[in-house]
Amino acid sequence: MEELYKAIEEKIKASGYPRKISGEDVYDDICDQIDGKENGSYVLLSKFDDDVIFEYHISIMDSEFNLGILTMRTPEGVFETDFDK
């Protein structure tokens with residue numbers, strides 16, 4: 001799992017996101033957001049910090065999910081990363 005967390009962090013940092021980020025926290029947030037959801041495609045919003053909104057574009061399958069695009073809206077600007085690339 002540590003490799004997955006690190007990969008999440010690296011993709012987010014590569015987008016120019018200027019704040020400290022934890023891949024584990026992002027992963028846990030996604031898992032909390034999708035808990036109990038049926039299979040399908042979703043756009044989910046999460047207030048990640050007091051002034052930061054994360055917008056997840058997620059596809060949910062039976063026992064897994066795919067995070068496509070993550071948009072991070074901060075006072076410093078809007079940052080986006082495509083996890084499918």
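Helix H2, covering residues 23–34, is a good place to begin in this predicted model. The helix has twelve residues, and the distance from its first C-alpha to its last is 17 Å. That is close to the 16 Å expected at 1.5 Å a residue. Five residues of H2 can be picked out as buried: Gly23, Val26, Asp29, Ile30 and Ile34. Viewed down the helix axis, the buried residues fall within an arc of 125 degrees, so they line one face of H2. The cover over these buried residues includes helix H1 (2–14), together with strand S1 (40–49), strand S2 (52–60) and strand S3 (65–74). Just past the end of H2 comes Gly36, whose phi is positive, at about 85 degrees.

Helix H1 can be read in the same way. With 13 residues at 1.5 Å a residue, H1 should span 18 Å, and its end C-alpha atoms are indeed 18 Å apart, which agrees. Tyr5, Ile8 and Ile12 are the buried residues of H1. They cover an arc of only 60 degrees around the axis, which puts them on the same side of the helix. The other side of H1 carries exposed residues, namely Glu2, Glu3, Lys13 and Ala14. H2 and S3 are among the elements that cover the buried residues of H1. A glycine with a positive phi also follows this helix: Gly16, just after H1, has a phi of about 100 degrees.

How do the two helices meet? Two packed helices are described by the angle between their axes and by the distance between those axes. For H1 and H2, the angle is about 100 degrees and the axes are 7 Å apart. Angles of 65 to 115 degrees count as roughly perpendicular, and H1 and H2 are therefore roughly perpendicular to each other. On the H1 side, the contact is made by Leu4, Tyr5, Ile8, Glu9 and Ile12, while H2 contributes Gly23, Glu24, Val26 and Tyr27. Sorted by type, the residues of this contact are six nonpolar, one polar and two charged. Several of these names have already come up: Tyr5, Ile8 and Ile12 are buried in H1, and Gly23 and Val26 are buried in H2.

Beyond the helices, three acidic residues are worth a look. Glu38 lies in the loop between H2 and S1. Its relative accessibility is 63%, and because exposed means over 50%, Glu38 counts as exposed. Glu38 and Ile60 are 22 residues apart in sequence, yet their C-alpha atoms are 7.2 Å apart in space.

Glu80 is located in strand S4, which runs through residues 77–82. At 52% relative accessibility, Glu80 also counts as exposed. Leaving aside neighbours within four places in sequence, Glu80 is in contact with Ser15, Ile69, Leu70, Thr71 and Met72. From Glu80 to Ile53, the separation is 27 residues in sequence and 12 Å in space, C-alpha to C-alpha.

Asp49, finally, is found in strand S1. With a relative accessibility of 35%, Asp49 counts as partly exposed. When residues up to four places away in sequence are not counted, Asp49 touches Tyr17 and Arg19. Asp49 and Ser22 are 27 residues apart along the chain, and 12 Å separates their C-alpha atoms.

Key
Residues numbered from 1 in each chain as written. Predicted model: local features only at pLDDT ≥ 70, side-chain atom pairs only at ≥ 80, totals over all residues. Heavy atoms only, no water. Helix = DSSP H or I, 4+ residues; strand = E, 2+ residues; numbered from the N terminus. Expected span 1.5 Å × (residues − 1). Buried < 20%, exposed > 50% of the residue type's maximum accessible area, 1.4 Å probe, protein only. Arc of directions from axis to C-beta. Contact = heavy atoms within 4.5 Å. Axes fitted to C-alpha atoms, helices over the stretch in contact; angles between N-to-C directions. Parallel < 35°, antiparallel > 145°, perpendicular 65-115°, else oblique. Nonpolar A, V, L, I, M, F, W, Y, C, P; charged D, E, K, R; others polar.
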